[in-house]
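Reader: I'd like a close look at one thing here: how helices pack against each other. Start with whatever I need to know about terms, then follow the thread wherever it leads.

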Amino acid sequence: MFEFIQKHNKLFMIMLFALVIPSFVMLGVDNYQRMNDAGHTTVAIVNGQKITQAEWDNAHRQEVDQLRASQPGIDAQLLDSPAAKYATLERMVQNRVLAEAASKLKLFISDQRLAQELISDPAIAALRGSDGKLDQTRYAQLLAAQGLTPQRYEAMVRSQLTSRQVLQGVSGAGGWMPASLADLVTRPFFERRNISVIYFKPESYKAHVHPSAQDLQAYYKSHLAEFRAPEQASIEYVVLDLASVQKHLTVSEADLQKFYEQNKDRFGTREERRASHILIAADAKASSTLREAARKKAEDILAQVQKDPASFAQLAQKYSQDPGSAKKGGDLGYFDRTTMVKPFAEAAFALKQNEISKVVETDYGYHIIKLTGIRGGSGQQSFDTLKPQIEAELKKQQAQQKFGEAVEAFKEDVFKQPQSLKAVADKFGLQIQTAQNIGRTPVPHAQGPLAQPAFLNALFTASSLSGKQNITPMEIGANQLASGRIISYSPARQKTFDEVKATIESQVTQAKAAQLAKAAGEATLKQWQPHPAQAPMPATMDVSRTQPNGTPQTVINGALRVSPSHLPALQGVDLGPQGYAVVRVNKILPADAATAAAQAQQRPQVAQAFNEASMVAYYEALKKLLKVQILVANPLGSTSRPIK
């Protein structure tokens, strides 16, 4: 065979090209064609117009990009889920339906209406200048941050406004519905009935139940899934946090004293001063000649003030070039050291009550200052009193700075002794904590690492279970890192009959007793049915769905099912494991003031629900009219969504 190929190599190559290569080429083209066609697969049809897979993918990608831009912390898996993608398709269909309806109704949005809608957005309105015009550059930047262009955004808004017009005929009613219809909907929730109830409880029949061994075995075999012990583990773990880092830090006496001196204002009432001033304005960038002239004028005014200090307010009104205070005689009100520029504040806080300063130079010009009031600055606590507080604060600051270093060391040291946490606990002064009967899922009210699914799942990985080694430290909260290890492990297993025999006996007895209670209740109901008024029932009570008066909801529902045409009447209610009840409905009660008020409060909500249902019904009618088809399966199983 090989000799034939060697002798007839040329002939063999011709056959290869004739037979094999065309097949390969055709297969390749076919595959390419399939890939190309995939993007053009129709996923929905609205009024004969197709929505393709490519359009759907592109729309979903744009929605995801916009959401990520506006909410950077959003879970990416949530955005890429089948349900999220299907929701995009539903919105596309809804937009097409409303657009087609608007076209048939010949609805349109004017440029003026569009502009009005855009400016109603506070973020866009803030971009208007003093002349009332929109800053187009900043407008484009605002939209670009959301992955949009002005043209695309305005088209979206125009489409939304058109859709609103389509639905306006339904929503314009404002949730109105006839009072008779509202009463019909709300009456079952508020209707009050006078009833009597007698209960047939399983506890009264347990003495008559004696399940056999065969009964117990049969129950066990038919409920094996209920008697499985889940996998469980005993673990130990350590948590590194700011507190554990902080307790090993020390702060020198000098640092404590320095902090106290620098923050005195925090530890008492801050001193404030009230002053008046006369300002001769001279900008810091003004020429030296102008500033010198301003200084000379201020000194002349100071001379007048010194001759007659009582005339300060009149001179301020006459000469001061500070428009805010001149009319008030130069009064600036109370201020602290940080409110005024430094030269002004230093001069004002150096004066005594009613003392007048020399000319004070600032970047604003030249000031003459009169101190008119002092308040605050008292009640400051001593260093010794505040020392513990200051030390705790400084330690916390240092712990925050050193926490990052501690985290890196913690991550390394956890694996130096991979089957023990003692060394790392000793080094960082951590407490080794233990927990028993731990599973992969956090139990209610769990705290710390035990409340974190990721931490528990890491403990139950194959490597952790087989080697009982420390797991990689992971964040469990702000400034909290934890590592742990399995101490002992019990895999999931089927519990034996002997282990659960007592539980089975209790459950079988309860079930059989409930059956006896039901049988007794049904027999009693049948006996009393001909003469309900003569049935020996206990005391009556008034109940409704909103005012159960301690009566189980199942019993109330049974009582409300009784026709009011022939009262009194009896009704049996199966309570399942709790037995049976016989209810006698004696009469229908008129609504009291409280019930009438509560019913009236519910009418707007009922009307809103009615309005929303009407909108959905209208939308579904439009879908039928436009022969809408969604050709892909809904991962949630539902067929429609409310209009948003």
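Author: First, a term: a residue is buried at under 20% relative accessible area, exposed at over 50% and partly exposed in between, with a 1.4 Å probe and protein chains only. By that yardstick, 34% of the 644 residues of the protein chain are buried. What you're looking at is a predicted model, where local features need pLDDT of at least 70 and side-chain atom pairs count only at pLDDT 80 or more, while totals for chains, interfaces and linings use all residues. Residues are numbered from 1 along each chain as its sequence is written, and side-chain values use heavy atoms, with hydrogens and water left out.

The protein chain has 24 helices and 17 strands; these are DSSP runs numbered from the N terminus, helices being H or I with at least four residues and strands E with at least two. Among contacts in the protein chain with a separation of 6 or more, 72% join residues 24 or more positions apart. Contact here means heavy atoms within 4.5 Å.

Now for your helices. Two packed helices are described by the angle between their axes and the distance between the axes. The axes are lines fitted to C-alpha atoms, for helices over the stretch in contact, and the angles between N-to-C directions run from 0 to 180 degrees.

Take helix α11 (residues 213-222) and helix α22 (residues 497-528): their axes come within 9 Å and cross at roughly 105°. That crossing is therefore roughly perpendicular; under 35 degrees would be roughly parallel, over 145 roughly antiparallel, 65 to 115 is roughly perpendicular, and the rest is oblique. On the α11 side, the contact uses Asp215, Leu216, Gln217, Tyr219 and Tyr220. Facing them from α22 are Phe497, Val500, Lys501, Ile504, Glu505, Gln507, Val508 and Lys512. Sorted by class, the contact of α11 with α22 has seven nonpolar, two polar and four charged residues. (Ala, Val, Leu, Ile, Met, Phe, Trp, Tyr, Cys and Pro go down as nonpolar, Asp, Glu, Lys and Arg as charged, and the others, Gly among them, as polar.)

Keep an eye on Tyr220 and Phe497 from that contact, because ring pairs link them with Phe227 into a cluster. Rings of Phe, Tyr and Trp (its six-membered ring) pair when their centres lie within 6.5 Å, with planes under 30 degrees apart called stacked, over 60 edge-to-face and the rest tilted. The structure holds seven aromatic pairs. One of them is edge-to-face, with tyrosine 237 and phenylalanine 455 at 6.4 Å centre to centre and 75° between the planes. This pair ties together distant parts of the chain, since tyrosine 237 is in strand β5 (residues 232-241) and phenylalanine 455, 218 residues apart from it, is in helix α20 (residues 453-459). Both residues of the pair are buried.

A second helix crossing to visit is that of helix α13 (residues 253-262) with helix α18 (residues 383-413), whose axes lie 9 Å apart at an angle of about 105°. So α13 is roughly perpendicular to α18. Glu253, Asp255, Leu256, Gln257, Phe259 and Tyr260 are what α13 brings to the meeting. From α18 come Phe383, Leu386, Lys387, Ile390, Glu391, Glu393, Leu394 and Gln397. The tally for the contact of α13 with α18 is seven nonpolar, two polar and five charged residues.

From helices, on to a strand. Serine 276 sits in strand β6 (residues 272-281) and is buried, at 9% relative accessibility. Setting aside neighbours within four places in sequence, serine 276 touches Phe312, Gly329, Gly330, Asp331, Leu332, Ile368, Ile369, Lys370 and Thr372.

A few backbone spots are worth a click too. The peptide bond from leucine 567 to proline 568 is cis, with omega near 0°, and proline 568 lies in the loop between α23 (553-560) and β15 (569-574). Asparagine 437, in strand β10 (residues 433-438), has a positive phi near 55° despite not being glycine, and is exposed at 54% relative accessibility. Lysine 627 has a positive phi near 50°; this residue is in the loop between α24 (593-625) and β17 (629-630) and is exposed, with a relative accessible area of 64%.

Last stop: asparagine 634, in the segment after β17, is buried at 13% relative accessibility. The C-alpha atom of asparagine 634 is 6.6 Å from that of tyrosine 86, 548 residues apart along the chain.
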